[in-house]
Every structure is written in C-alpha cells, then in structure tokens.
Amino acid sequence: MTNSARTPSELLAIAVQVARDAADTAYRMRAEGVVVAATKSTVTDVVTAADRAVERQILDALAALRPDDSVLGEEYGEGTNGAAPSGVRWIVDPIDGTVNYLYGLPYSAVSLAAEVDGVVVAGVVRNVSTGEEWTATAGGGAWRDGVRLRCSGEVDLGQALVGTGFGYDAGRRAHQAQVVAGLIAHVRDIRRLGAAALDLCLVAEGRLDAYFEKGLAAWDLAAGGLVAAEAGVRVAGLANRPPGPDLVVAAPPALFAPLHDRLAALDAAGGP
C-alpha cells in the first residue's frame, strides 16, 4: 500500500494491522502490571503508562506507513498541524475503558478510525483482553469475525436493554444518575460497561439494543460509531444535532425516536 491510498478498504487494512499490534502491546503491559502515569480531568480520570506507550506505538506505525496523514489521539492530541496533504486523518483511542484496564476487567479496547476529508470511512475496535474485533467501512457494512452485523430488531423501548456511561466529574455523574433514574422504569434495563467504543459495537450486533452517553470525544465515537451506523444503527445527538460531546444516542430506527424523546424530556444533554 502506498501513502496515496485513500479507499476505505485500503485504510481499514492498515487500521486493522496497527490496532492488532497495539492491542497485543496493551495486553502484554497489563499482564506485566499497570502503572498510573497521570490524571486528567479529575483524580479518577486516570492515564496509565500503557495508554501513552500504546498511542506512541500507533503514532509511530502510522508515521511509517502514512507519513502524509494527520493524527488526532487522546493522549498526544493533534500529531500534525493543519490539514494533512493526503486529506486523511487518523483518530486514536489507545485504550478505551482505561479504568476497566486498570482494574483488570476484560472490557477495554484499542479504537482506530480513518477520516477522509473530515468523514470517517474506516474503523476498527479490538478488545484488548478477548481479541474480539469489529470493523467497518463506509458503505461496506460492519463485521465481526467474518459475520456481517445487523442491529437489534426490537421495536418496544420498554423491552430494550440500553447501555450508557458516566463522566468523571462528580457533578456530571450526579446529573447522569438523575437521567438514568428517570429512564430505567421505561426500558428493560440499563448497563454501564465502561468503554464507549465497545458499547457502540455491542449495539451494532444487538447485544445491546441501544446506547446513549454525554461527554464523548471524537476518539470515543469515531470507529465504534461507524461500526454501529454500518449495522443499521442511527447515531445522532438530540434535536437533529450531530453526535458529539453534548450527547450521543445510538439506536435502531424503531427505537431511536422514543429513546430520543425520553432523553430530551430528562435533559440528558444538560447538566455540567
């Protein structure tokens, strides 16, 4: 592959190669023992040495394979200033679900997506502990282990298993808890698993019926959001806004409107 390659399938092949190697490193470092390197937004928002090492490995690999691309990573930010000559930008979450990773819970992932001219066209999410891998290309569907994915066929919100997540700021968590309290009587149940990219992939294959969360960054959403969308999931914000930090709602078309309206009534995009 050359640095000029821009088709979704070509970019996905690179993403898969890089993400698998990165997940292997994360797995090995977890077995060797986790070291907290720093905190970010709060003292509970941790960064491990593995987060930094894995992202550096991904950046180095992409620089060798695609020197004219830019990169946005959770730990090191924008790797290239301005627009990349190639028009391709990689979006990296080296370990999504860092707290799970810290505690040895098997629900964390490497997430890597490629944008072309601002549109995500390829993505891979790989569970560090289990090796499960989800991939998608724009227009090419979503896949896991060679099986094409379709989202849940559930049409009744009252029977839907819904995933969500909480922020690190105590004030935000308190507001999010109020939203959950107002929603839980209107759905089958709620799960909080702790890694947004994986949550979105579970919605893609119907292991969760729907998902919502406030506070997601681009690296939380890019790859998992594409996997979900390519499996037939509607991924959006409230009131026709795009998905983003204010709120991400991911649900099959039949569930999206009732979940959206309930979340809007609960002011899910509000609070700190």
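This text walks through a predicted model, from its sheet to one of its helices and a loop.

Start with the sheet. It is open, has eight strands and shows mixed pairing. The strand order is S4-S3-S5-S6-S7-S8-S9-S10. Strand S4 (77–78) and strand S10 (147–148) stand at the edges. Each has a single partner strand, so one side of each is left without a neighbour in the sheet.

Now move inward. Strand S5 (residues 88–96) pairs with strand S6 (residues 109–116). The pairing is antiparallel and runs over seven bridges. Within this pair, Val92 has Leu112 in S6 as its bridge partner.

Two helices meet these strands. Helix H1 (residues 8–32) packs on the sheet. H1 touches S5, S6, strand S7 (119–127) and strand S8 (133–137). The direction of H1 makes about 30° with that of S7. Helix H5 (residues 196–204) lies across S5, S6, S7 and S8. H5 runs at about 100° to S7.

Strand S8 deserves a stop. How many of its five residues are buried? Five of the five are, so by the cut-off of under 20% relative accessible area S8 is mostly covered. Both faces of S8 are covered. Glu133, Thr135 and Thr137 are buried on one side. Trp134 and Ala136 are buried on the other.

S8 also has its strand partners. S7 and S8 pair in the antiparallel sense over five bridges. Here Val125 stands opposite Trp134 in S8. The two strands form a hairpin with five residues between them. In that turn, Gly131 has a positive phi of about 80°. Strand S9 (residues 141–144) runs antiparallel to S8, joined by four bridges. In this pairing Thr135 stands opposite Trp143 in S9. The hairpin of S8 and S9 has three residues between the strands. There, Gly139 takes a positive phi near 85°.

Turn next to helix H2 (residues 49–65). H2 has 17 residues and reaches 24 Å from its first C-alpha to its last. That is close to the 24 Å expected at 1.5 Å a residue. Its buried residues are Ala50, Asp51, Val54, Glu55, Ile58, Leu59 and Leu62. Seen down the axis of H2, these residues fall within an arc of 165°, so they line one face of the helix.

The loop between H2 and strand S3 (70–73) holds Arg66. Is Arg66 buried or exposed? Arg66 counts as buried because its relative accessibility is 1%. Its side chain joins that of Asp69 in a polar contact of 2.5 Å.

Notes. Residues numbered from 1 in each chain as written. Predicted model: local features only at pLDDT ≥ 70, side-chain atom pairs only at ≥ 80, totals over all residues. Heavy atoms only, no water. Expected span 1.5 Å × (residues − 1). Buried < 20%, exposed > 50% of the residue type's maximum accessible area, 1.4 Å probe, protein only. Arc of directions from axis to C-beta. Polar contact = N/O pair within 3.5 Å; in protein donor to acceptor, adjacent residues only side chain to side chain. Pairing = 2+ DSSP bridges. Contact = heavy atoms within 4.5 Å. Axes fitted to C-alpha atoms, helices over the stretch in contact; angles between N-to-C directions.
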